[in-house]
Amino acid sequence: MSARTTRTRLFAATTVALAALALTACEGGSDTDAGSGPSTSATATGTNTPSTDASASTGTDGDKGTSGTTTGSGTDTNGSTGSTGSAGSSGSGGKSDGSSGEGSSSGDGGSGAQGGGDEDEMPGKCSASDVKITAQKLSRPLNHLLLTATNTGSKTCMLPPYPAARFGEAQSVPPVAEATKPQSLTGVGPGEAGYAGVILSSGDGSGENGYQTDTLTIPFEDGSIATVALPAGGVYVDTALTVTYWQSDMDAALGH
């Protein structure tokens with residue numbers, strides 16, 4: 001083989017090698033360009049569940065908060081599943097101004113206190129103009145007289161503690177039987193009546209200074225005086241004369 005032929009083959013081999021190197025370089029450059037292109041960043045998309053604020057807690061006293069939890073989930077552009085968000089912190093036990101557990105209204109119109117309206121008028125004292133007193137002599141108990149005071153007025157009134165009865169021209173009123181004293185004064189409404197008993201004389205004749213009379217007057221605390229009609233023929237009284245307190249019950253008036 002000649003030297004010329006040998007050179008020709010070497011040149012051709014060198015040319016082929018250079019061409020192969022050039023092709024390899026081009027392919028590497030394409031990969032490099034493709035790899036250097038802008039990468040798509042993974043963007044997490046997810047739905048967050050709003051945590052429940054401690055201030056929106058419900059409780060009997062408004063002090064306990066409900067813990068809130070936030071859960072995040074999403075998928076990036078490469079298809080990987082996003083991580084689950086961390087659980088929210090438990091709500092503190094402190095009181096919140098907006099809690100539904102407690103609340104008060106300080107409005108003037110919201111209070112349950114009653115206003116100082118006019119109170120019902122208290123009953124006044126009875127007088128001879130609005131009370132009619134009648135006297136009834138009884139066979140039992142012996143020597144007893146029943147006084148009935150009927151309210152003929154339009155308002156309730158309070159009777160005196162007891163009838164300060166004056167029989168005839170007596171200068172003093174008879175004593176009252178303390179055992180008959182009620183717990184409170186006797187009030188009578190319109191058409192209602194109070195009762196008092198009168199022991200006129202002793203049944204065994206032990207009484208003194210007895211006399212027959214047909215008049216009886218009973219004064220009231222306002223200064224008025226009621227004139228009471230006695231049974232026909234009048235009544236006999238002596239030092240045993242005693243009256244009871246005014247009672248709302250007839251039997252209580254005659255029980256002494």
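**Strand pairing, burial and charge in the predicted model**

Lys137 has Leu145 of β3 as its bridge partner. The model described here is predicted. The pairing of Lys137 belongs to an antiparallel ladder in which 8 bridges join strand β2 (residues 131–138) to β3. The two strands form a hairpin with 5 residues between them. Within this hairpin, Asn143 adopts a positive phi near 60°.

Strand β3 spans residues 144–151 and also pairs with β7. This second pairing is antiparallel and runs over 7 bridges. Two of its partner positions can be named. His144 stands opposite Ile199 in β7. Leu147 has Ala196 of β7 as its bridge partner. Strand β3 is mostly covered, with 7 of its 8 residues buried.

Strand β7 (residues 193–199) shows a similar picture of burial. Of its 7 residues, 6 are buried, so the strand is largely enclosed by the rest of the structure. Besides β3, strand β7 pairs with β12. Here too the strands are antiparallel, and 2 bridges connect them. Ile199 takes part in this pairing, with Thr242 of β12 as its bridge partner. Ile199 is also the residue opposite His144 of β3.

The protein chain as a whole contains 2 helices and 12 strands. From the N terminus on, the order is α-β-β-β-β-β-β-β-β-β-β-β-β-α. A helix therefore opens the series of elements and a helix closes it, with the strands between them. Of the 256 residues in the chain, 26% are buried. The chain exposes about 16700 Å². Carbon and sulfur atoms supply 50% of that area. Contacts often span long stretches of sequence. Among contacts between residues at least 6 apart, 71% join residues at least 24 apart.

Two open sheets of the model can be described by strand order. One has 3 strands in the order β1-β4-β6, with mixed pairing. Its edge strands are β1 (124–125) and β6 (187–188), each of which pairs on one side only. Strand β4 (residues 157–158) runs antiparallel to β6, and 2 bridges join them. Cys157 has Val188 of β6 as its bridge partner.

The other open sheet also has 3 strands, in the order β5-β9-β10, and its pairing is antiparallel. Strands β5 (166–167) and β10 (225–229) stand at the edges with a single partner strand each, so one side of each is left without a neighbour in the sheet. Strand β9 covers residues 215–219 and pairs with β5 over 2 bridges. In this pairing, Arg166 stands opposite Thr217.

Charged side chains were examined next. The structure holds 1 salt bridge. Glu221 forms it with Lys125, and the closest N and O atoms are 3.8 Å apart. The pair links distant parts of the chain, 96 residues apart. Glu221 lies in the loop between β9 and β10, whereas Lys125 belongs to strand β1. Glu221 is partly exposed, with a relative accessible area of 47%. Lys125 counts as exposed, at 58% relative accessibility.

Asp238 presents another case. This residue sits in the loop between β11 (235–237) and β12 (242–243). Asp238 is buried, yet has no salt bridge. The nearest side chain of opposite charge is that of Lys137, 12 Å away. Lys137 is the residue of the β2–β3 ladder that is partnered with Leu145. The cut-off for a salt bridge is 4 Å, so a separation of 12 Å does not qualify.

Which backbone nitrogens lie by the side chain of Asp238? The side chain reaches the backbone nitrogen of Ser202 at 3.4 Å. A polar atom of the same side chain lies 2.8 Å from the backbone nitrogen of Ala240. Contacts with residues beyond four places in sequence add to this setting. They comprise Leu200, Ser201, Ser202, Gly207, Glu208, Asn209 and Gly210. Ser202 thus appears both in this contact list and as a backbone partner of the Asp238 side chain.

How values were computed:
Residues numbered from 1 in each chain as written. Predicted model: local features only at pLDDT ≥ 70, side-chain atom pairs only at ≥ 80, totals over all residues. Heavy atoms only, no water. Pairing = 2+ DSSP bridges. Helix = DSSP H or I, 4+ residues; strand = E, 2+ residues; numbered from the N terminus. Buried < 20%, exposed > 50% of the residue type's maximum accessible area, 1.4 Å probe, protein only. Lys, Arg positive; Asp, Glu negative; His and termini not counted. Polar contact = N/O pair within 3.5 Å; in protein donor to acceptor, adjacent residues only side chain to side chain. Contact = heavy atoms within 4.5 Å. Areas by Shrake-Rupley, 256 points an atom, 1.4 Å probe, with all protein chains shown as cover.
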